[in-house]
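Subject: Structure handover, cavities and aromatic contacts

Hello,

Here is the structure for you to look over. Please open it alongside this email.

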Amino acid sequence: MSENLNNENKKVIFSGIQPSGDLTLGNYLGALKNWVKLQDDYTCYFCVVDMHAITVRQTPADLRRRTLELLSIYIASGISPEKNTLFIQSHVPAHAECCWLLTCNTYMGELSRMTQYKDKSKKYGDSIGVGLFNYPSLMAADILLYNTDLVPVGKDQTQHLELTRDIATRFNSSYSPTFKIPEGYIPKIGAKIMSLQEPLKKMSKSSDNPNSYILIMDPPAVIKKKISRAVTDSLGLINYTDDQPGVKNLLNILSAIKGTPPEELVLYYAGKGYSDLKADAADSIISELSPIQDKVQELLKDKSYLESIYREGAVKASHVANNTLRKMQKKIGMIPR
Ligand code: TYM
């Protein structure tokens, strides 16, 4: 097993978000909010995964802006740069190197079965990039380099996590025990926030319809408008059921923000209407996001502070990642440098 270079023998968390679009409420409730809750009990690596983002063509200026904005959102959401390691993926070259070693231990069949790849290949056809195909090997590299125990993500990442576990198990048995087999941490509520316009689909930053998502940086008036336009149904009853996906989604959003179980919310809304539920959902989103938005604006003005965080983060992350990478190279038969 890899020697533990992490702090205090705490268990290790790794997670990341792509700076490929402006962040949504789904990213916040499915991932970020849980990172904040877990940070005191684990040694955490939170990464801005810019190399994942370029699996789809990015405008360079947008990628730069979003990378710094995402780092600011991490900090503004309550992730402490002192307690955790915050860094940018491309600043730790071990990720790309490890990805190659894992790619050579991953099967075409496995990658072809990834639903996210299958969905995207429908969109891009033959001109789909190889990076999109190989994306899960890079995600496996991210996770395995840090001897990660727990990966807090939304539900859409479970298939990639399963593959990470399979690749790690294969490497361990082909060579010798090297990697911990990581577990996913999928929240009970908020793991899959749905589109406000098509509540059977996931809320996604890549959607063409801005009314389908709430962005973390959306101003209060926009949040109110988007929630008031959220698709519900004609039943006029507030129940937590798959038969009413629009209402269920609003209850999930409220529940994830307030920490009140959806069943309790249903009791509270007995006799009330959709406009009450929507008004409360909008208010709770606004009070959750407003302080984060203010802090992000403040942080973005202080580029040298952000630079000090990501530079220090890359040094700390490289130390652990390089150690794992060297072990992998040695086991594979590469001559130590
Ligand atoms: P990404 O950037 O698409 O999403 C970031 C996180 O947000 C979660 N998420 C959601 N949760 C609930 N409801 C939604 N509608 C919703 N949309 C997104 C995602 O599950 C994710 O946790 N491959 C990853 C990034 C990644 C990564 C990693 C994650 C790269 N390497 C290593 C963990 C560990 C991705 O594309 O996430």
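Below are notes on enclosed spaces, one pocket and the aromatic contacts. Please keep in mind that this is a predicted model.

Cavities

The search of the whole structure turned up two cavities of 30 Å³ or more. The largest cavity holds about 80 Å³. Helix H6 (115-124) and helix H7 (130-144) are the elements that each give two or more residues to its lining. The lining consists of Met114, Gln116, Tyr117, Lys120, Leu132, Tyr135, Pro136 and His160. By class, that makes five nonpolar, two polar and one charged.

The second largest cavity has a volume of about 40 Å³. Its lining is made up of Gly21, Asp22, Leu23, Arg66, Glu69, Leu70 and Ile73. Here the classes are three nonpolar, one polar and three charged.

Second largest pocket

This pocket offers about 300 Å³ of space. Its lining takes at least three residues from each of domain 1 (12-191 + 303-332) and domain 2 (210-296). There are 15 lining residues, and Lys192, Met194, Asp242, Lys248 and Asn252 lie nearest the centre. Seven of the lining residues are nonpolar, three polar and five charged.

Lys248 has a second entry in these notes. Its charged end sits over the ring of Tyr240, 5.1 Å from the ring centre. Lys272 does likewise with Tyr268: the charged end sits over the ring, 4.2 Å from its centre.

Aromatic pairs

The whole structure contains 10 aromatic pairs. One of them joins Phe87 and Tyr146, and this pair is tilted, with 6.0 Å centre to centre and 50° between the planes. Phe87 belongs to strand S3 (residues 85-88), while Tyr146 is in the loop between H7 and strand S4 (150-152), so the pair ties together parts 59 residues apart in sequence. Are these two rings buried or exposed? Phe87 has 0% relative accessibility, so it counts as buried. Tyr146 is buried as well, with a relative accessible area of 0%. Phe87 and Tyr146 also form one aromatic cluster with Phe14 and Tyr45.

Phe171 and Tyr175 make another tilted pair, at 4.6 Å centre to centre and 40° between the planes. Phe171 is buried, at 0% relative accessibility. Tyr175 is partly exposed, because its relative accessible area is 33%.

Over to you.

Best wishes

Notes: Residues numbered from 1 in each chain as written. Predicted model: local features only at pLDDT ≥ 70, side-chain atom pairs only at ≥ 80, totals over all residues. Heavy atoms only, no water. 1 Å grid on protein atoms, 1.4 Å probe; cavity = no way out; pocket = protein on both sides within 12 Å on 5 of 7 lines; lining within 4 Å. Points joined across faces, edges and corners; volume = space filled by probe spheres on them. Helix = DSSP H or I, 4+ residues; strand = E, 2+ residues; numbered from the N terminus. Nonpolar A, V, L, I, M, F, W, Y, C, P; charged D, E, K, R; others polar. Domains from an automatic or database assignment. Phe/Tyr/Trp six-rings, centres within 6.5 Å; stacked < 30°, edge-to-face > 60°. Buried < 20%, exposed > 50% of the residue type's maximum accessible area, 1.4 Å probe, protein only. Lys NZ or Arg CZ within 6 Å of the ring centre and 35° of its normal.
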